[in-house]
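Student: I would like to learn how to read a structure like this one feature by feature. Could we go through it together, with the general idea set out before each case?

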Amino acid sequence: MRHVVSNKIVGHVIQLQLLQNFIHKQKMHHGLLFVGPKNVGKMTIARAFAHKIITGDCVEKWDVMQKNDTDTMIIQPLQEEKKGKIICKDIGIEQILIARKTFALAADECAKFMIIDDADRMTVSAQNALLKTLEEPSRNGFIILVAHREDQLLDTIRSRCFTVHFNMVFPDDMKKICDDEQLIEDAQGRPGYLFRMQNDDVFHESVKYARDQLRALYKMSIYERMKLAQMLSSKDSDYIHTFFSVWIYRIWKTAHKTQKLHLLRVADKIEHTLRVMYKTNVNKQMILEDLLIHIV
C-alpha cells in the first residue's frame, strides 16, 4: 500500500527563511553552497529556490518542483554500466566546460541557474574550470553547489560561495507527510529516503535488510560476518552507503538514548571506513571484512 507524498517541502525552516530573505531583498550571492547529509532535501530546495528567483515568486510557500525551468541547468555525475553494475563517475572538466558555454547564454526570463548536484564529486580540474565562472559571475547568473562533503571542495571554491548548512529533518516534521511510524524511523530524518521507500520496493527492502542485519550482528559468527562483507562488496556505492547509513543512524541514536558513548566510536569507525572507500581504490571486501569482524 502506497502512502501519499505531499508536494510541500518538509523541514529546514531556518534555511528556507534565509533563502526567502534573499528573495525579498532581491540581493543574493552569485554562488551558493548547500551542504549536508544525503537525501535531506538540499537538491529539492535548490531547484525550488531557482524557480522562485527565475519567476519572481515571492510567496512564502515552498513546493517540490516536478520539472525544471528552461533557465535551470542541472549538472550531475554521469553513470555507466559495467558488468551489470551502475557505476557513478566523478564530474569531469568536460562536463563543466560544456555547462559554462550554455550558462553564458542569455536567460529566457530574469535569471539563469546552474545547479551542480554531488558537487563534491567534481574532479580538481573540473573545480578549477568552474572557479573562473564563480570569479566572474554575470549579473543574472547564479550557481548552486549541492554537496555532502564540504571538505572535498577546494578552499577557493568554498570562499566564493555563501554556505547554507542542512541537517536531518525532525520526526515531527516528517509526520506531516507520512503517518507510518516505521517508515519515518527507517527514513532517518531524510525525506529523500522516505519518498524512495514509498515508491521503490527494492530500496525499501534494502533499508529493512540493513536494519535486520544490525539487530543480528552481535550474534553473528566470524564466518557470517565475512559472508555479509562479501555480499556488500558486490553492491554499488549507493547501496553500501544506504546500508551503513541505517547502521550509523541507529547506533548513534542508541548511544545517546542509553548513554553508552562507546557506541559513538563504532559509528565513527563505520563513517571512517566509508570515507576510505569513497576516496581510495581499496579492496572493498577486505576493508568491509575488517570492519565487520572487529566491530563491537
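**Cores, sheet and rings**

Tutor: Let us begin with the interior, bearing in mind that this is a predicted model. The largest nonpolar core has 40 residues, and those that touch the most other members are Leu 232, Phe 243, Phe 244, Trp 247, Ile 251 and Ile 270. Two or more residues each are contributed by helix 7 (181-187), helix 8 (191-199), helix 9 (201-216), helix 10 (222-233), helix 11 (237-258), helix 12 (262-279) and helix 13 (284-294), and the largest share, 9 residues, comes from helix 11.

Student: Which residues does Leu 232 touch, if those up to four places away in sequence are not counted?

Tutor: With those set aside, Leu 232 touches Tyr 239, Ile 240, Phe 243, Phe 244, Leu 288 and Leu 292. Apart from this core lies another, of 27 residues, including Phe 22, Ala 48, Trp 62 and Val 164.

Student: How should I read the sheet, and what is the order of its strands?

Tutor: With a sheet, one asks about order and direction, and then about what packs on it. Here an open sheet of 5 strands has the order 2-5-6-1-7, with parallel pairing; strand 2 (72-75) and strand 7 (162-165) are the edge strands, each pairing on one side only. Neighbouring strands are turned against each other by 20 degrees on average, direction ignored.

Student: Which helices pack on the sheet or lie across its strands?

Tutor: Helix 2 (residues 42-55) packs on the sheet, where it touches strand 1, strand 2, strand 5 (112-116) and strand 6, and its direction makes about 175 degrees with that of strand 5. Helix 3 (residues 93-103) lies across strand 2, strand 5 and strand 6, and runs at about 165 degrees to strand 5.

Student: Is strand 1 buried or exposed?

Tutor: To judge a strand, one looks at each of its residues in turn. In strand 1, 5 of the 5 residues are buried, so the strand is largely enclosed by the rest of the structure. Gly 31, Leu 33 and Val 35 point one way, while Leu 32 and Phe 34 point the other way, and all are buried.

Student: How many bridges join strand 1 to strand 6, and how many pair strand 1 with strand 7?

Tutor: Strand 1 (residues 31-35) is joined to strand 6 (residues 141-147) by 5 bridges, and the two run parallel; within strand 6, Gly 31 stands opposite Ile 143, and Leu 33 has Leu 145 as its bridge partner. Strand 1 also pairs with strand 7 in the parallel sense, over 4 bridges, with Leu 32 opposite Phe 162.

Student: How are aromatic pairs to be read, and why is the pair of Phe 243 and Trp 247 called tilted?

Tutor: One considers both the distance between ring centres and the angle between ring planes. A search of the whole structure finds 10 aromatic pairs. The ring centres of Phe 243 and Trp 247 are 5.2 Å apart and their planes stand at 45 degrees, so this pair is tilted. Both residues lie in helix 11, 4 residues apart, about one turn of the helix, and both are buried. Elsewhere, ring pairs link Phe 49, Trp 62, Phe 113 and Phe 142 into a cluster.

Student: Where is the pLDDT below 50?

Tutor: The protein averages a pLDDT of 90, and 96% of the residues score at least 70. Over residues 1-5, however, the pLDDT is below 50, although this stretch has 14 contacts in the model beyond near neighbours in sequence. Where pLDDT is low, the predicted coordinates should not be read in detail.

Methods: Residues numbered from 1 in each chain as written. Predicted model: local features only at pLDDT ≥ 70, side-chain atom pairs only at ≥ 80, totals over all residues. Heavy atoms only, no water. Core = buried A, V, L, I, M, F, W, Y, C linked by side-chain atoms within 4.5 Å. Buried < 20%, exposed > 50% of the residue type's maximum accessible area, 1.4 Å probe, protein only. Contact = heavy atoms within 4.5 Å. Pairing = 2+ DSSP bridges. Axes fitted to C-alpha atoms, helices over the stretch in contact; angles between N-to-C directions. pLDDT = per-residue confidence, 0-100. Phe/Tyr/Trp six-rings, centres within 6.5 Å; stacked < 30°, edge-to-face > 60°.
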